[in-house]
Amino acid sequence: MNFKDNKAIYLQIADRIGDQILSGKLMPEGKVPSVRELAAEIEVNANTVARTYDHLQQNGIIFTKRGLGYFVSADAKDKIIASRRDLLMQGEMDYFLGQLKAVGITPAELQDLYNDYLNRANASS
């Protein structure tokens with residue numbers, strides 16, 4: 001896994017797991033790879049994955065079954081969407097909209113761009 005310098009690695013791993021939940025690769029009530037399995041797969045220290053799982057557990061995305069491992073919470077998808085939406089609306093959206101204004105992209109152009117994006121995304125699904 002390629003990591004960015006501007007965000008803690010454990011949070012980038014949490015985002016990746018969130019993406020897998022949103023895409024359906026990891027299903028509600030489904031088992032999550034063990035700490036050691038995931039650490040070996042993405043070539044990071046097991047302590048980093050343990051920190052990721054602790055973060056996800058604190059946010060209600062995953063839970064443990066004693067002796068069996070980690071599992072995806074039934075409402076994980078809803079929690080991830082709500083969290084990402086809040087993050088987007090609180091900080092990133094202001095920057096994004098400011099950039100649109102600065103370069104003169106109109107609401108109509110933005111709508112066209114977004115519709116084109118959705119069409120491409122649907123065509124590749």
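Helices are DSSP runs of H or I with at least four residues, numbered from the N terminus. The model shown in these views is predicted: local features need pLDDT of at least 70, side-chain atom pairs count only at pLDDT 80 or more, and totals for chains, interfaces and linings use all residues. Residues are numbered from 1 along each chain as its sequence is written, and side-chain values use heavy atoms, with hydrogens and water left out.

**View A. Helix 1 and the largest cavity.** Here a cavity is a set of points on a 1 Å grid over the protein atoms alone where a 1.4 Å probe fits but cannot get out, and lining residues have an atom within 4 Å of a point. The largest cavity has a volume of about 40 Å³, the space filled by probe spheres set on points joined across faces, edges and corners. Helix 1 (residues 9–23) gives the most to this lining, with four residues. Among the lining residues are Ile13, Val32, Leu38 and Tyr53.

**View B. A tyrosine pair in helix 5.** The rings of tyrosine 114 and tyrosine 117 are stacked (centres within 6.5 Å, planes under 30 degrees apart), with centres 6.5 Å apart and planes at 20°. Because they are three residues apart in helix 5 (residues 107–124), about one helical turn separates them.

**View C. Two lysines at phenylalanine 71.** A charge sits over a ring if NZ of Lys or CZ of Arg is within 6 Å of the ring centre and within 35 degrees of the ring normal. Lysine 65 lies over the face of phenylalanine 71 at 4.5 Å from the ring centre, and lysine 31 does so at 5.6 Å.

Terms used:
Rings of Phe, Tyr and Trp (its six-membered ring) pair if their centres lie within 6.5 Å; planes under 30 degrees apart count as stacked, over 60 as edge-to-face and the rest as tilted. Helices (H or I, at least four residues) and strands (E, at least two) are DSSP runs, numbered from the N terminus. On a 1 Å grid over the protein atoms alone, a cavity is a set of points where a 1.4 Å probe fits but cannot get out, and a pocket is an open set with protein on both sides within 12 Å along at least five of seven lines; lining residues have an atom within 4 Å of a point.
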